[in-house]
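Here are three short exercises to work through with the structure open beside you. Try each one yourself before reading its solution.

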Amino acid sequence: MKRSKKSVELFELDVMDARGLIELSASVGWDYDEAEVATLLSSSFKIYGHKNSEGQVVSSAAIIHYDRRLASIGMVIVHSDYRGLGLGKEVMQKCIESGRDRSILLIATPDGQPLYEKLGFTVVDSVHKYLCDKYNPTNLKKISGISIEAFKDEELEDILELDGAAFGEKRSIFLRNRLQQSYQCIVVKDENSRIIGFGLSVLGSVNMILGPVVAPDHRIAELIIDRLASKHQGKLRVDVPSGQEKLMAFLEQSGFVKVSNPPVMAIHTKEMPYRNDTLYTIASQAYG
């Protein structure tokens, strides 16, 4: 049943709204869980949304501020009963205002892209979404001079530096929260025990997400993904930036299927931030 705009009010949401956000995401078939919403609600992130007269969260949009001049928008949702009322535009405008001094990126759904274009976003890139029901381990060749180890807390600054150069902006708060949320985090070290790559897995309610994965080349990225995926019995998901064709070929040989190729859109800039071509999978479409 369609509702009236008079019955809703716009708020900045907080931890008390976590359950409402999870229910909203489930209503559109998205698989946000408590840990994912907790990461979004962490400091330096803002989530805006409308509530109806019963206190139900019926819209949302989150903006994630990174360390300096970049932000991402994600979790843009409007409940089906409240579409056509301009709620998506309102929450997006709040996010854009919150990031008015920053370049803002988002990964668009087909339904959302026309709205984002009207708000001034332009397409600057794309990502490739891959899903896997059953991982098929590949007999990867060992690479001499490297080791793969579990992440240790004292290695955090090295991870932050690698991620910042790969992503195009250091994102200290987000990555600390993501590490706490992760199921597994591994690092790759060279013969001098210097960290040259890393990868995270995050267990969601439907899929285990593999990302971010940062590596100096596709062969090491493949080893990281294989290590993260090989012992998991359930569904897997990876989102791969454009330009990583060799990794995508590996994924397709290992049981992954590409299901979409959504655009990356930006406002307050006409191009992607500079990246050093070491980002092989992103954290998720909400964060980039």
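Please keep in mind that this is a predicted model.

**Exercise 1.** Find which residues of helix H6 are buried, and what covers them.

*Solution.* Start with the helix itself, which spans residues 172-181. Seven of its ten residues are buried, so H6 is mostly covered. Going along the helix, you should have picked out Ser-172, Phe-174, Leu-175, Asn-177, Arg-178, Leu-179 and Gln-181. Next, look at the surroundings: the cover over these residues includes helices H2 and H5 (156-167). Strands contribute too, among them S2, S8 (184-189), S9 (195-203) and S10 (208-214).

**Exercise 2.** Do the same for helix H1, then look at the backbone just after the helix.

*Solution.* Within residues 18-27, the buried positions are Gly-20, Leu-21, Ile-22, Leu-24 and Ser-25. A reminder helps when reading such a list: an α-helix has 3.6 residues a turn, so residues three or four places apart point the same way. The cover over the buried residues of H1 includes helix H2 (34-40) and strands S1 (8-13), S2 (45-52), S3 (59-65) and S4 (70-78). Finally, step past the helix end: Gly-29 has a positive phi of about 85°.

**Exercise 3.** Is Thr-281 buried or exposed, and what does its side chain reach?

*Solution.* First locate Thr-281 in strand S14 (residues 279-281). Its relative accessible area is 0%, and the cut-off for buried is under 20%, so Thr-281 is buried. Now follow the side chain of Thr-281, which reaches the backbone oxygen of Leu-210 at 2.9 Å. Beyond neighbours within four places in sequence, the contacts of Thr-281 include Gly-211, Pro-212, Ile-225, Val-240 and Leu-247.

How values were computed. Residues numbered from 1 in each chain as written. Predicted model: local features only at pLDDT ≥ 70, side-chain atom pairs only at ≥ 80, totals over all residues. Heavy atoms only, no water. Buried < 20%, exposed > 50% of the residue type's maximum accessible area, 1.4 Å probe, protein only. Helix = DSSP H or I, 4+ residues; strand = E, 2+ residues; numbered from the N terminus. Contact = heavy atoms within 4.5 Å. Polar contact = N/O pair within 3.5 Å; in protein donor to acceptor, adjacent residues only side chain to side chain.
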